[in-house]
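Colleague: Hi, have you got a minute to go through this one with me? I'd like to chat about its side-chain contacts and its strands.

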Amino acid sequence: MNPTELAEYLDSVRITGQVATPRQDNLRHMRLFLEGDENLEFGVTRTRNWTFDDVFDLMHQRTGTSADRGHTQGQDTIDAGKCVAALDRFADRLGASALRSERILFATGHPAGLLPVHAAFARSAAAAGATVVDVPEGRRFGAGDIRQVFGVLVWHQHGGLMHTHLPEPMRLSLDTLASQGDAMPDLVVADHGWAGQAASSGLPTIGFADCNDPGLFVSEAQGQVEVAVPLDDNVCPGLYGPLIDYVLDRAGLPPVEAATADRSVS
């Protein structure tokens, strides 16, 4: 699939284009991020003073949300071309790291949508020679614990995998690695607070963010997160299949089918 075909596909399944996240939610999340709301801050350390207008303009520039300040309700958009361009940078960075046999840590705060995406990248990177960082499971967080499913860190609670924006699971995971004397990852591939906290900790980080997640785009603009890919991060996971294939092909990594035969990530 070429970039134009992928962009058309992404719009057709609403990973981009007319996404499910409403305009009023996007605007509210910008305000909450600036107010330091724990669910929208994502562990991002701000290195300059950001105004609402600054964040508004940045989100239009990085994601393709409407530039009309009078548009406060209803449909908003993510630009497919911006998504594909960011996926190209994401793939180049992931591929370079994997082919150098580096240590890569994968994590998601949106397991219902993005867990299969991260898992596919983890398996392919491992098949190419990277080390998928293994974090000892069971570190307590909230009423649950941190687990690693198919090579991807997630927060588990009450028998389910939890959606979270909080940075604390990544802080705890990095503390766990340090307490064991393990080397820090050479690259983190993540989303939400997992990604924001990793980047604020000085780790090279790439990941995904929805148009109501301004924190990671601010982090990217500050030179912390290296690549923030704008997309709807919670469509049915099977719909991300062509995106996975595109990234792996661009990255020079084994396709999912080939990587599945390798059992280094389970």
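Colleague: Which residue does Asp54 meet in a salt bridge?

Modeller: Arg48, with 2.8 Å from N to O. Keep in mind that this is a predicted model.

Colleague: Got it. Are those two buried or exposed?

Modeller: In between, actually. Asp54 has a relative accessibility of 26% and counts as partly exposed. Arg48 is partly exposed too, at 42%.

Colleague: Does Arg48 lie over the face of a ring, and if so, which one?

Modeller: Trp50: Arg48 lies over the face of that ring, 3.9 Å from its centre. There is also Arg46, which lies over the face of Phe33 at 5.0 Å from the ring centre.

Colleague: Back to salt bridges. How many does the structure hold?

Modeller: The count is 13. One of them joins Asp57 and Arg69, where the closest N and O atoms are 2.8 Å apart.

Colleague: And what does the pair of Asp57 and Arg69 tie together?

Modeller: Parts of the chain that are twelve residues apart in sequence, because Asp57 lies in helix α3 (residues 52-63) while Arg69 is in the loop between α3 and β2 (77-78). Asp57 is partly exposed, with a relative accessible area of 39%, and Arg69 is partly exposed at 42%.

Colleague: What about a bridge within one helix? How far apart in helix α6 are Arg171 and Glu168?

Modeller: They are three residues apart in α6 (residues 168-179), which means a separation of about one helical turn. Their salt bridge has its closest N and O atoms 2.8 Å apart. Arg171 counts as partly exposed at 33% relative accessibility, and Glu168 does as well at 28%.

Colleague: Which residues are joined into one network by salt bridges that share partners?

Modeller: Asp53, Asp57 and Arg69.

Colleague: Okay, new topic: rings. How many aromatic pairs are there?

Modeller: Four aromatic pairs. In one of them, Phe141 and Trp155, the ring centres are 4.8 Å apart and the planes sit at 65°, so the pair is edge-to-face.

Colleague: Where in the chain do Phe141 and Trp155 sit?

Modeller: Phe141 is in strand β5 (residues 139-141) and Trp155 in strand β7 (residues 152-157), so the ring pair links distant parts of the chain, 14 residues apart. Both Phe141 and Trp155 are buried.

Colleague: And which residues do ring pairs link into a cluster?

Modeller: That would be Phe90, Phe121 and Phe208.

Colleague: Last topic, the strands. Why is β3 largely enclosed by the rest of the structure?

Modeller: Because four of the five residues of β3 (residues 103-107) are buried.

Colleague: So what does β3 pair with? Start with β4: in which sense does that pairing run?

Modeller: Parallel, over two bridges, with β4 covering residues 131-132. Ile104 has Val132 as its bridge partner in β4.

Colleague: Which helix joins β3 and β4 in a β-α-β unit?

Modeller: Helix α5 (residues 111-127), and the unit is right-handed.

Colleague: How many bridges join β3 to β9?

Modeller: Three, and those strands run parallel, with β9 spanning residues 187-191. Phe106 stands opposite Val189 in β9.

Colleague: And what joins β3 to β7?

Modeller: Two bridges, with the strands again running parallel. Ala107 has Leu153 as its bridge partner in β7. And β7 is the strand that holds Trp155 from our ring pair.

Colleague: Nice, that ties the two topics together. Thanks!

Key: Residues numbered from 1 in each chain as written. Predicted model: local features only at pLDDT ≥ 70, side-chain atom pairs only at ≥ 80, totals over all residues. Heavy atoms only, no water. Salt bridge = Lys/Arg side-chain N within 4 Å of Asp/Glu carboxyl O. Buried < 20%, exposed > 50% of the residue type's maximum accessible area, 1.4 Å probe, protein only. Phe/Tyr/Trp six-rings, centres within 6.5 Å; stacked < 30°, edge-to-face > 60°. Lys NZ or Arg CZ within 6 Å of the ring centre and 35° of its normal. Pairing = 2+ DSSP bridges. Right-handed = clockwise from strand over helix to strand, strands pointing away.
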